[in-house]
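Visitor: I'm new here and would like a friendly tour. Could you show me the structure before I ask about it?

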Amino acid sequence: MSILQMDQEYVAGTYKRFPVEIVSGKGSRLVDANGKSYVDMGSGIGVTAFGFGDEVWMAAVTDQLGKVQHTSNLYYTEPCAKLAKLLCEKTGMKKVFFSNSGAEANECAIKVARKYSAEKKGLDCYTIVTLVNSFHGRTLTTLAATGQEHFHQLFQPLTPGFVHVPANDIDALKKCVAEFNVAGILMEVVQGEGGVLPLTEEYLTAANAIAHEDDIPYMIDEVQTGNGRSGKLYSYMNYPIQPDIVSTAKGLGGGLPIGATLLGEKVQNVLGYGDHGSTFGGNPVSCAGAVSVVERLTDGFLFDVRKKSEYVFSTLTGVPGVESVTGLGLMIGVKTTAPASEVVKTCMDRGVLCLTAKDKVRLLPALSIPMEDLKYAVETLKKTAEELA
Ligand SMILES: *Cc1c(COP(=O)(O)O)cnc(C)c1O
């Protein structure tokens with residue numbers, strides 16, 4: 001039985017996989033079971049921030065593995081404490097709760113917002129406002145937060161108390177806050193799964209002001225946009241806004257599961273003993289890897305991320321077969337004239353792995369992708385988009 005057949009027989013059929021078995025990776029290159037090499041423009045959906053088999057990350061992880069791989073949260077460990085300190089120092093946030101995924105990081109954010117508002121404004125203040133076309137995760141609560149009906153079908157009833165308003169519509173947000181007893185506002189700075197759609201600066205600053213005026217915790221979902229992806233440490237740092245809660249995951253761990261919910265001044269002491277927890281949360285191996293990632297997201301490194309971003313935007317914008325290029329940093333959506341799935345398939349045949357988001361080709365390369373690999377991938381995409389148009 002081939003690996004492909006074995007997977008199809010025994011793994012739950014939730015993923016429409018490409019018929020490719022990946023066996024190894026180094027830097028921004030992946031190798032399949034036939035020995036074919038690809039330039040990877042997906043980094044495991046924005047996870048392997050420093051590429052595959054990154055030496056610094058591997059040393060941090062294996063060093064910790066040799067000491068202790070897990071302890072439970074009954075005891076202190078160095079990587080967890082160090083990572084929390086590093087994240088707080090780099091963001092100005094005050095405390096961190098660690099979990100294992102983006103959905104869990106959002107669950108924690110929602111719990112904090114609800115408890116803060118329940119204590120301040122009463123138990124009937126529980127409504128969480130999110131945006132149409134958003135994506136916040138797959139648990140029943142984060143699905144309720146996700147403003148895309150097609151994810152909800154046949155899973156009702158979801159967690160109650162969520163309303164969705166159209167993105168970039170300030171009046172709709174104002175009306176919603178006036179109508180409901182709002183406990184929190186949650187949004188992505190760039191809607192990732194929704195099609196790599198950035199919110200406008202005007203909207204973000206208005207939402208920030210609306211939330212702060214009414215003492216509503218303002219939550220930014222940085223699961224995909226965070227950890228250098230946007231060209232800043234966190235994408236909200238591209239704008240003059242100050243969230244109270246930031247959730248993140250994906251790129252933080254550099255390849256191991258981790259989620260983090262960063263709590264600002266206003267909500268820093270909302271969670272007390274027993275209010276929340278996670279068996280694996282703060283795992284020392286994941287945290288050691290994450291420390292090695294966050295330590296290297298320096299101003300100089302992020303400057304290079306923005307340079308690479310400019311290269312991708314300028315190479316693909318306005319060329320035949322490309323209708324638009326959107327996004328921030330190295331989180332880029334390319335609307336091709338040809339269907340995105342066909343472009344991705346042909347790029348794959350040509351040795352370049354891309355993602356899709358809605359009707360777009362989505363690029364989330366390793367932040368450290370070598371310029372020559374990036375050039376090869378972008379030129380291949382450009383040529384393919386034009387030929388298939
Ligand atoms: C991927 C993603 C999530 C969910 O993260 P998981 O680790 O799959 O639970 C939540 N929010 C955003 C913005 C994401 O991109």
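Visitor: Why does Cys347 form no bond with the closest cysteine sulfur, and in which residue is that sulfur?
Guide: In this predicted model, local features need pLDDT of at least 70 and side-chain atom pairs pLDDT 80 or more, while totals for chains, interfaces and linings use all residues. Residues count from 1 along each chain as its sequence is written, and side-chain values use heavy atoms, without hydrogens and water. A disulfide is a pair of cysteine sulfur atoms within 2.5 Å. The sulfur of Cys347 is 4.5 Å from the closest one, too far for a bond, and that partner sits in Cys354.

Visitor: Is Cys347 buried or exposed?
Guide: Buried means under 20% relative accessible area, exposed over 50%, and partly exposed in between, using a 1.4 Å probe on protein chains only. Cys347 has a relative accessible area of 0%, so this residue is buried.

Visitor: How many disulfides does the structure hold?
Guide: Cys176 is one example of a cysteine in no disulfide, as its nearest cysteine sulfur, in Cys125, is 12 Å away. Cys176 also counts as buried, at 5% relative accessibility. For the structure, the number of disulfides is zero.

Visitor: Which element gives the largest share of the lining of the second largest pocket?
Guide: Helices (H or I, at least four residues) and strands (E, at least two) are DSSP runs numbered from the N terminus. Those giving two or more residues to this lining are α4 (78-91) and β4 (95-99). The largest share, four residues, comes from β4.
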